[in-house]
Every structure is written in structure tokens, then in C-alpha cells.
Amino acid sequence: MARVLLLMGGLSREREVSLRSGMAVSSALKELGHVVVELDVREDFLARLLELKGEVDVAFPILHGRGGEDGCLQAVLELAGIPYTGSGVLASALAINKYMSKLVFRAKGIPVADDVVIEKRDIITEGLERMVQGVALDLGFPCIVKPNREGSTVGTSVCRNLDDLSQGLESALDLDDTVIVEEYIEGREMTVGIIGEENLLLPVLEIRASKGIYDYECKYTKGMTEYLVPAPIEPKLSQQLQEMALKAHLSLGCEGVSRVDFMVDGEGEIYCLEINTIPGMTELSLIPKAAAAIGLTFPQVVGKILASARLKAI
Ligand SMILES: Nc1ncnc2c1ncn2[C@@H]1O[C@H](COP(=O)(O)OP(=O)(O)O)[C@@H](O)[C@H]1O
Ligand SMILES: [Mg+2]
């Protein structure tokens, strides 16, 4: 039996999702016989953490996006000396940053989509129109614009012409000073979960979003997305995706749990999109779904993640 500090909520755009995952994890932990102390990561969080420090054995962060999944919270837990689940400071910071993740992926031979990275200051010096023309020349259409450090497809848009691209860039730049524009990969979307100390690879799950891209609405509205697990693909492709997922997970130094997102094009080429270091954990989320396909219950998944908690070498 452990006394678990469940950290959830927070102030990011993904607060609501975090609260839902948090409630599900809380029930699972109680079912496993642990004592759960729930703490919302809001303004009074640091003071509350210090008060609770002696009363808990381990922290379980279930926060998505900046301020929770990006290494900051992990650094606080390191300094407080509280072992915690999931990735450490550097791995979390790298994974939330799509630009930095892709630098590492490329260096490690993990295939990624071509991209152009745009900084807000470039727009100020060069002008939006020139930047848009440049991106269009480099990547062509369609392309996809993403804020560098958001999750849940917030601020992401598919662009089919110059107008879309300038609008897409403007809205993404409202959310982040760095924006990444990628070639749009026409194909199927797959995700691979990894859990526990032993890096257990879950079966490949195919995401068929009714809107084409797996956006916020498709992610969180029942019935708007079809999930197929195990994905109906050749065993060879499934094995390649799992190998690539593990390679990506290790390349950033991730631990305990992660979910690696991929696109696979018509020729079977794989592109690694990103790693989520604190993936959704409602009972309907993708990791629990994929785990169920190999007979693991939701509390078993939560138990495995909990068992891998530790302080990490940053
Ligand atoms: N290069 C791409 N080509 C086609 N679709 C993409 C591409 N990049 C992202 N997407 C779509 O957008 C969604 C969100 O992108 P992703 O990189 O996973 O960011 P996040 O999930 O952090 O918002 C993906 O799940 C996928 O549906
Ligand atoms: Mg994603």
C-alpha cells in the first residue's frame, strides 16, 4: 500500500481532460488498495505540496500540456524529493517541444515529416506574407500548422492554400512563439503505448477520426472517432511501429509511460509525430484501450505505472 499524491487539473488548456483522467486514476488507485491524496496544481500548489510532503510516498502527475507535462512539475518533485511516475525533467521537456523532439528523432534515424519552423520574431522581421510564401515553396500544400508546445491538437490546422496558411500561422502564433509547419501526410494514424518499468509495448492502435485529423473534438467526443486495436495492419508493419515507438521513447529518455503517435502513408512509410509523456488516462483513453486488448485491466495499467515511479537522474 502506498500513499499516492495525485496531481491533476492545473492551469493549462487541457485542465478539463486532466481532471477526467485524474478521477479515473484515483478510483483505480483506491481499487488497488492505495491511499490517494488529490491535489489540484493551481496557485497554492507549492505551499500545499510542502505541507503534504511527509504524508505521501509517491506522486502521480496526470496533467497534460504546459506546466504539468513539460518538465516543470517534474523538477519541483525532484527538488522536493518525492519519487514520481512517468518521465523525468529532460525527457518531459523534450517531448512537449515538437521541434526539439524532431531534432533528436532525426539524429537517431527515426523518420519524421519534413517541416519548417517559424519563430514569432521572424514574422516581425520578415513579415507574414514573405514567410508564408517561403513555407509554401518549401513544403507545398496541403501542410499542417502546429504550435510547438501544445497538445490535444489545440491551435493545429490543415492548410490547403496561402490564405489558410497565413490564418493558421497567426492563430498558432497566438499560442506559442514557435510554430512548426509540416508536410501533410496522407494516410492512416497509429499510436503505440509503452508502460511500466520493463517498457511493455502495447498493441498498435489505429485512430480513424471522422474529421480527417484527430482534433480536439474528435479526441473528446464519443462516436466521432473509431479506434481499432490491434490495428488491422500487416504483422510486419505492426512490429516496425512498436520498434520505432520504443526507439523514440528511449531516444528522449522517457520512462514509466508514453504514447507515441505516428502517421503511415499509402506506401507504408512511417512518420513519427510526437511522444505524449502523460497520455490521457480515462477508461476510454487510448493506453487503457490498447492494454485491454492484451487483457490488462485499467487498474493493472495504473498499477504498472505506479510501480515504475522513482526520482530520476535528470
Ligand atoms: N504531418 C501530419 N500529417 C497529417 N496529419 C497530421 C500531421 N501532424 C499531425 N497530424 C494530425 O494532427 C493531430 C495532432 O498532431 P500531433 O502532432 O499528434 O499533436 P498534438 O496531439 O500534440 O496536438 C494528429 O493526431 C494527426 O491527426
Ligand atoms: Mg498527438
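1. Let's start with helix α4, which is mostly covered in this predicted model. Seven of its eight residues are buried: V89, A91, S92, A93, L94, A95 and I96. The neighbours that these buried residues pack against are α3 (72-80), α5 (98-107) and β13 (270-276).

2. Next, the interior. The largest nonpolar core has 66 residues, and those with the most contacts inside it are L6, L7, V25, F60, I62, V192 and C272. Helix α4 (residues 89-96) turns up again here, as it supplies the largest share of this core, six residues. The core also draws on two domains, with at least three residues from each of domain 1 (3-86) and domain 2 (94-111 + 186-307).

3. I62 is a handy residue to click on if you want to look around that core. Setting aside residues up to four places away in sequence, I62 touches L6, L7, M8, S18, S21, G22, V25, I278 and M281. Another core, of 15 residues, lies apart from the largest one; L139, C143, L165 and I180 are among its members.

4. Now for Y227, which sits in strand β11 (residues 225-228). Is Y227 buried or partly exposed? It counts as partly exposed, because Y227 has 15 C-beta neighbours inside 10 Å, whereas a buried residue needs 20 or more.

5. Which residues does Y227 contact, leaving aside its neighbours within four places in sequence? They are L205, I207, L286 and K289. Of the pair Y227 and I207, the C-alpha atoms are separated by 5.0 Å, although the two residues are 20 residues apart along the chain.

Methods
Residues are numbered from 1 along each chain as its sequence is written. Chains are lettered from A and ligands numbered from 1 in the order in which they are written. This is a predicted model: local features need pLDDT of at least 70, side-chain atom pairs count only at pLDDT 80 or more; totals for chains, interfaces and linings use all residues. Helices (H or I, at least four residues) and strands (E, at least two) are DSSP runs, numbered from the N terminus. A residue is buried if 20 or more other C-beta atoms lie within 10 Å of its own, exposed if 12 or fewer, and partly exposed in between; C-beta atoms are placed from the backbone. Two residues are in contact if their C-beta atoms, placed from the backbone, lie within 7 Å. A nonpolar core is a set of buried Ala, Val, Leu, Ile, Met, Phe, Trp, Tyr and Cys residues joined through C-beta atoms within 7 Å. Domain bounds come from an automatic or database domain assignment.
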